[in-house]
Amino acid sequence: MYEIDKSLLEKIDALELSERNVAWRKAMKEAPWRVYVDRERLTMASWHETEGEDLELRTAKMLKKVMDNVPIKIHPFDEIVGRPTTGVIGCQTAINVCGDYIHDIWNDDGVIGVTLDASAILNKEELEVLREAARLFEPNCMPKRTYDAWHALVGDWATQAEEAKLRDPSLRNGITGQSTSALDWPNILPAGLKEYIRRCEQHIEDYIASGGTDVNKVYFWQAAIITLQATIDHSRRYAALAREMAAGESDPAEKARLGKIAETCDHVPENPPRTFHEALQFMEMCSLAKMFENPMQNNSHWARADQYLYGYFKNDLKNGVPLEQIASDLADMIGRWGTQTFVSDDMNKETHQINFGINNVMVGGLGQDHTDMTNELSYLILHVVAKLKLSSPTVGLRWNNQTPDWIMRKAIRTNLETRGGIPLFQSDEVMIRKYMDWGIPYEEACEWRGLGCVYPCLPNRAEHYGAEGVAAYNLAGVLHLTLHNGLDINGVRTGIETGDPRSFASFDELYEAFFQQEKALVHKGLWLGAVARDVCHQYIRTPLLSILGIEASMDLGQDLTKADPDHSMFGVSDRAIIDVADSFVAIKKLVYEDKVLTMAELMDALDSNFAGERGEEVRQLCLRQPKYGNDIEEADEMVRRVSDRSAEIIYAFDNAPFRNMIISREGLAWHYFGGLGAGALPDGRPALEPLNDGSLSPMRGADKNGPTAVLRSAMKSGYSSVCCAAVLNQKFNSSLLGSPESIDKLIAYTNAYMKAGGSHIQYNILDTEQLKDAKAHPENYADLIVRIGGFSAYFVQLSKGIQDDVIYRSEFEL
Amino acid sequence: MALTALVSNIQGYSIHDGPGIRTVVFLKGCPLRCRWCANPENLSDRVRVGFLSNLCKHCGRCAKSCPRGAILPDADRRIDREKCDECAKCVEACFYDALVRYGEEKTAEEVFEQVRRDKIFYDSSGGGVTVSGGEPLTHADFVAELFALCRGEGIHTCAETCGCVPRSAFERVLELTDAFYFDLKLMDSEKHREYTGQGNGQILSNARFLADSGANILFRQPLISGVNSPEENVKATAAFIRSLGREDLALQLIPYHRMGTSKYAALDIPYRLEDMKPMAAEEVEAVRALYESFGVSCTVSK
């Protein structure tokens, strides 16, 4: 617990964005989306130069080649420098990692889809660079080789299951190779990269002196040294550029700005930062290096920034650095990665919808001494995020019983100002308890942070969540399999034969068939993951991410792409539980209890997608069955049963020799993707439409008893006892949240839910008319952020289907 | 036979109807007919069927379901009120919630069973249950039974009242009610009769009774431009409140809004304030300040 300077909080409340913050934001909004091919040009050159060398060293040299030569730029509004491209917005491609993953490069028009709805244009020469890279890297890239290995094991099943949206992600998303966790900021900053180089050199010396024979370890340390030095050198390039620009500058203010950049970039990240400003510059260079190594690691992930940056913050204030300067630097850097786009693979476009880097920042939360660590910097972070009104960073407030009201008030006000569920609230206590249940000591568990959206992870552990193509299983797709005797949405038998549901004599038969399907799907998926784990390491390495991301890499002399039992966590997600449970209730009642329909009648309606008058009648019958989210025992109990049983199935698989799987049920924009994997469902949802957003949100329009009834249903779900990260989205009307009392009431509401064991909640504060107008006139709403299951995005950038979804969600009167 | 009341709605997470997070229970039946009433579905003490034309998809199921042939083919006006006996079969038949039934017969136990579910939210916010309407004290025995059950679980109780009920109704609930939200609509009794259908003698007398009994009271005034906003009424209202001789008595203004008008259309009831405009925030503030100048602590409802 910190002693809080309340007068500092008042000063923070009065802060506005600095001129350069505003200039940057304006430039960012006006900048065209561009795809840059500089990096890929250099990866190819390096790859040719290092032919025949060890993969670890080749990867390191590739990063050095890129960082030594990629064009750089200092913008007029930059005081902290470093971007992936020379554009204010820009993206580098990841063909050396993901192979031939950008299918658009084979079209001659040069139009590259960056999201489902937005694109960038390449000229002929640029297009040819990417094509050449695809030809060069595809044959031996990690996804291609892994898909080959999968094919050898299960034939076409792996790709068929992806095509049926039964499991994701695709290996082409490039996070395969493990770990997207935050860099080890609390240790890197006080040491400086020069010290890390020294330690690597020491390891090499000691290892050789001790008679060690595993040359791979030596290669790793050597590779790490190359990448660390390349990061330092990249910073020096900025210092040199700043000096050169300063030389030709006559304006003294400009000269001073550039001089400071030069001085800072000479000092960090080689040496430990002395100020808050230097710490942010340090972090930016390391984040850049991580991105250049693998552009799919396109985030800065600050994690518990209010903790490890607090000392610099307080020290600066003591030394007379103006609060305005600190806030301006913070605003600049906390949002910068949110302006860096990337080209993702086709599946990722459907599962995530967004295409910019996510900086995940946590505020508050319990510390080593079991007290809440919220401080003035937590407050400043919320303040600048509210002022910026950008959809990134993702900010999570770690709620616990000691969370002070003053930070809750700031958090809700930030929600109001961003209108986009920033910050979201996550239960510290549920998270820490879950980790401790999994055998992690408190000291480590209390340092948990979010990854991307709400998936929790621990420092210094490689996260295998999403790696090896194993993350999510689509239970709505599994229900589709069950209702069609193992045939998926594409009519392919990716499931097992569990019988024609028309022949089931009881609801229990159907229920059991469903879980047989799930078990078969998960089992096969985990097989694929095991294969991928072995194959990936042969084709991809990340020495820089390893040395700065996983403390143990240094001592082990080991790249994190080699899964290590002592330093790895494995996550999976069983999604669409609510859709399945609501469907089960409808079948149970309509067919087996009330006998309003026969199974044949229901199936006919589903297979015709509720066509015709009879179809509509059946659909309405389905919709009128009890639904989760209304505090109706029958519906909520089914959610709990499905949740528990699904968790039981997953936890029954051992993951030897690794730690057991952890179930995480977050949302992303996955419900759009998941919906493409299921035909019409017995809960009344038409074929291919998005599923419920979030993992604990009620079906769209089905929650009719007000927001507290939704929470009461959620409390009965039992999610907190079987998984971490349950996502509950609630949308509130902004016009009725204007008074301090109403903000206090929303705090009391949040506190009550969290105290009762809720693990996550976030609020969209919007009104329907505004959203409809935004859909019709996107040009007037470029600022508008919405939150979808853990991510936030610009409303106008979402696909039309998701926009409708956001609009449709029932709006509670507050 | 357990005591029942017609309940039109039980609304959770209500935050403008008393302290904390509240559940508001709307009971049907009201002795007044205020022209500005925003809840016309609760005026009648019987079940009413309403039609929300914007939700109608013209499937015709309502017509087929009606035993009295009371369904009209109109897009806007669906119910032939002459023929309709409010059996609500059409509400059952409607797939799209375009036909709605106002009024469910419930016992106090049943209502309590709903209300108690939000106990954790009351506890964390200092909230509780509020009875509203209609005029809830036309069901004083029911309210007393409900409040007694709430008291048993430590749930805060509040009654919103127009005051136009016999003294005995207040006596019945007095000990069980933690707060009264008491409307003082107009001080001139004739004008009161003109706009609400009743004079205000009984109302003022009840207000004085409550004040003398030491009850916790917040006076409220729906603020209607030109009707009760002129200085004359402000002055008289302030004088009345001060005459009650209690320092803690305050007034809350509820600026007129038109949110209820769609319900009039749904019920085929003419709206008699068609030309009334909501007051601008500055005008409301001026009235509030005026109350303060007359020595009455005054706030504006959000």
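Student: How far apart do the C-alpha centres of domain 1 and domain 2 of chain B lie?

Tutor: They lie 31 Å apart. Domain 1 of chain B covers 4-45 + 107-300 and domain 2 covers 48-102, with bounds that come from an automatic or database domain assignment. Keep in mind that this is a predicted model, where local features need pLDDT of at least 70, side-chain atom pairs count only at pLDDT 80 or more, and totals for chains, interfaces and linings use all residues. Residues are numbered from 1 along each chain as its sequence is written, while chains are lettered from A and ligands numbered from 1 in the order in which they are written.

Student: How many residues of the two domains of chain B are in contact?

Tutor: Two residues are in contact if their C-beta atoms, placed from the backbone, lie within 7 Å. By that test, 7 residues of domain 1 of chain B are in contact with 8 residues of domain 2 of chain B. On the domain 1 side, helix H10 (residues 261-267) of chain B gives the most, with 3 residues. Helices here are DSSP runs of H or I with at least four residues, strands are runs of E with at least two, and both are numbered from the N terminus.

Student: What makes chain B as compact as a globular protein of its length?

Tutor: Start with its make-up: chain B has 11 helices and 11 strands. The globule rule is 2.2 Å times the number of residues to the power 0.38, and the radius of gyration is taken over C-alpha atoms. For 302 residues the rule gives 19 Å, and chain B comes out close to that at 20 Å, so the description fits.

Student: Why is helix H22 of chain A called largely enclosed?

Tutor: A residue is buried if 20 or more other C-beta atoms lie within 10 Å of its own, exposed if 12 or fewer do, and partly exposed in between, with C-beta atoms placed from the backbone. In H22(A), residues 475-483, 9 of the 9 residues are buried, so the rest of the structure largely encloses this helix. Among them are Leu475(A), His480(A) and Thr482(A). Just after H22(A), Asn485(A) takes a positive phi of about 55°.

Student: And why is strand S14 of chain A described in that way too?

Tutor: Here 5 of the 5 residues, 661-665, are buried, so S14(A) is also largely enclosed by the rest of the structure. Met661(A), Ile663(A) and Arg665(A) point one way, and Ile662(A) and Ser664(A) the other way.

Student: How do you know which strands pair with S14(A)?

Tutor: Two strands pair if DSSP finds at least two bridges between them. Strand S13 (residues 568-575) of chain A is joined to S14(A) by 3 bridges, and the two run parallel. Strand S15 (residues 724-726) of chain A is joined to S14(A) by 2 bridges, again parallel. Both counts therefore pass the cut-off. For example, Met661(A) is the bridge partner of Phe570(A), and Ser664(A) stands opposite Cys724(A).

Student: What makes a set of residues a nonpolar core, and which residues have the most contacts inside the largest one?

Tutor: Such a core is a set of buried Ala, Val, Leu, Ile, Met, Phe, Trp, Tyr and Cys residues joined through C-beta atoms within 7 Å. The largest has 299 residues, and Ile381(A) and Ala581(A) have the most contacts inside it. Helix H11 (residues 215-247) of chain A brings the largest share, 12 residues. A second, separate core of 15 residues includes Ala70(B) and Cys84(B).
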